[in-house]
Amino acid sequence: MSPSPALPVVIVAGLHADARRAAVARLLADVPGSVVLHHDLATAAAGTVVRTVRDATGVLSTGEAPLVNDCACCALREDLVPELGRLADAGGTPLAVVELWDSVEPKAMAEVVTAGGFTVTGVITAVDPALVLPYLGNGDDLAEGGLAAAATDQRTVADTFARQLEYAPVLAVADSPEADDEDRELLSQLHPTARRVPIGHGGPAGARPSAPASSALARAAFAGFDVEAAAAAQHPACALLPAEADAHGVATFVWRRRRPFHPERLYQALEDLTCAAARSRGRFWLADKADTLLHWDAAGGALCVESAGPWMASLPDAAWELVPPVRRAAAALDWHPEHGDRCQHLVFTSPGLDRDGLERLLESCLLTDAEYAAGHAAWRRLPPAFDTLLEV
């Protein structure tokens, strides 16, 4: 029997556990009859994941799911859809709230729920503004804080938090007394297109917000969510990156150029560029790898560089029809008569950002006029400084 798509599902994520619990409590209060499913991965070391199902009155049931391939997140995936199916079959639940454990990322779970036949009507990440900069600056491995989802989990606190924040179209924002204008501005610049909904105090025992704020969170839970569009918005080839901004001591610097990087000079500058901002991301072009679109993703003083596939300009015409329309549209917007969609598009966001110094450093990594004039054949012979990083 296939699951009923009539059960709306909202996913609530966030490493800021108190803010996340407060958001879930508001949804339970604002949508009578709603039910929360939560899988606690803290017990994974003992070989199981603990599932709790509850509503506004308290716990309805608990259970354990065994690890799958020593992976707690895999156990969550295997257990979540059947639990949603039981809720759907029982009927009478107006909203299923999937409260993700601290380090679980909403993108993967939204795709699991959708693939299971259910409709994700909202994805919300709960945030305490006072904790945004400390978490973005935390380069510790999740395992060091007991937050790893598997023995092989090599993510850091910073990069996990950044993905949780940037994927969700709605941010449930705790009214933190420790947050100041700089904290709130940093949050705004990191994800300027997000709808921010206040949820009162972040602590689980915090006071309830006013009715309009509560209703806004409930509306956000039912607003609708497009899993494919959300994935495209995170892909480096067509990501909707933040725009230039400067307020309350926080700046976002957008750097775009039509000339490739010299691989060796850029490699030597990586540490300074990575540490120049609390968060930086985008796509870039190396002279010796003219066909490869490279992804730049930095937070917490650590940088991840990886191939994101080919530039559209490097594909034969017949292959264009195999590429998603959003990817073709993004390439068209960036198109250059000589280089096609090849470009540098990097965005740096941080309090106290040194825009001028950052721009000078980036410019120094580009090919010089003489190197550029030497042409593609000469570019391909440049030292392959990134091969080790890219595991080529």
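Sorted by class, the 37 residues around the largest pocket come out as 18 nonpolar, seven polar and 12 charged. That pocket belongs to a predicted model, and its volume is about 820 Å³. Closest to the centre of the largest pocket sit E105, R155, D159, R163 and D297. Several elements chip in with two or more lining residues: the helices α2 (72-90), α3 (106-115), α5 (157-167) and α8 (227-234), plus the strands β11, β12 (292-299) and β13. Strand β13 gives the largest share of this lining, with five residues.

The second largest pocket holds about 280 Å³ of space. Its lining is made up of 18 residues, and the ones nearest the centre are E166, H191, T193, A233 and Q234. Here α5 and α8 turn up again, each supplying at least two residues of the lining. Helix α8 has the largest share, four residues. As for class, the lining of the second largest pocket has 12 nonpolar, three polar and three charged residues.

Rolling a probe the size of a water molecule over the atoms shows where empty space is left. Besides the pockets, the count gives one cavity of 30 Å³ or more. The largest cavity has a volume of about 40 Å³. Around it are E166, L190, P242, R279, R281, V347 and T349, which split into three nonpolar, one polar and three charged residues. Strands β11 and β14 each bring at least two residues to this lining. E166 is a familiar name here, as it is also among the residues nearest the centre of the second largest pocket.

Now for the sheets. Strands of a sheet pair through backbone hydrogen bonds, either parallel or antiparallel. One sheet is open and has six strands, in the order β9-β10-β14-β11-β12-β13, with antiparallel pairing. At its edges are β9 (245-247) and β13 (302-310), each of which pairs on one side only. So far as direction goes, it is ignored in the next figure: neighbouring strands of this sheet are turned by 10 degrees against each other on average. Strand β9 is joined to β10 (residues 250-257) by three bridges, and the two run antiparallel. Within this pair, D246 stands opposite A251 of β10. Helix α6 (residues 181-190) lies across β9, β10, β11 (279-284) and β14 (344-351). Its direction is at about 25 degrees to β10.

The other sheet is open too, but this one has eight strands and mixed pairing. Read across, the order is β4-β3-β2-β5-β1-β6-β7-β8. The edge strands are β4 (58-66) and β8 (195-198), and each pairs on one side only. From one strand to the next, the twist averages 25 degrees. At the β8 end, strand β7 (residues 170-173) is linked to β8 by four bridges, and these two strands run parallel. One bridge matches L171 with R196 in β8. Helix α5 packs on this sheet, where it touches β6 (119-127) and β7. The direction of α5 makes about 130 degrees with that of β6.

Put together, α5 links several parts of this picture: it packs on the eight-stranded sheet, gives two or more residues to the lining of the largest pocket, and supplies at least two to the lining of the second largest pocket. Strand β13 likewise has two roles, as an edge strand of the six-stranded sheet and as the source of the largest share of the lining of the largest pocket.

Key. Residues numbered from 1 in each chain as written. Predicted model: local features only at pLDDT ≥ 70, side-chain atom pairs only at ≥ 80, totals over all residues. Heavy atoms only, no water. Pairing = 2+ DSSP bridges. Axes fitted to C-alpha atoms, helices over the stretch in contact; angles between N-to-C directions. Contact = heavy atoms within 4.5 Å. 1 Å grid on protein atoms, 1.4 Å probe; cavity = no way out; pocket = protein on both sides within 12 Å on 5 of 7 lines; lining within 4 Å. Points joined across faces, edges and corners; volume = space filled by probe spheres on them. Nonpolar A, V, L, I, M, F, W, Y, C, P; charged D, E, K, R; others polar.
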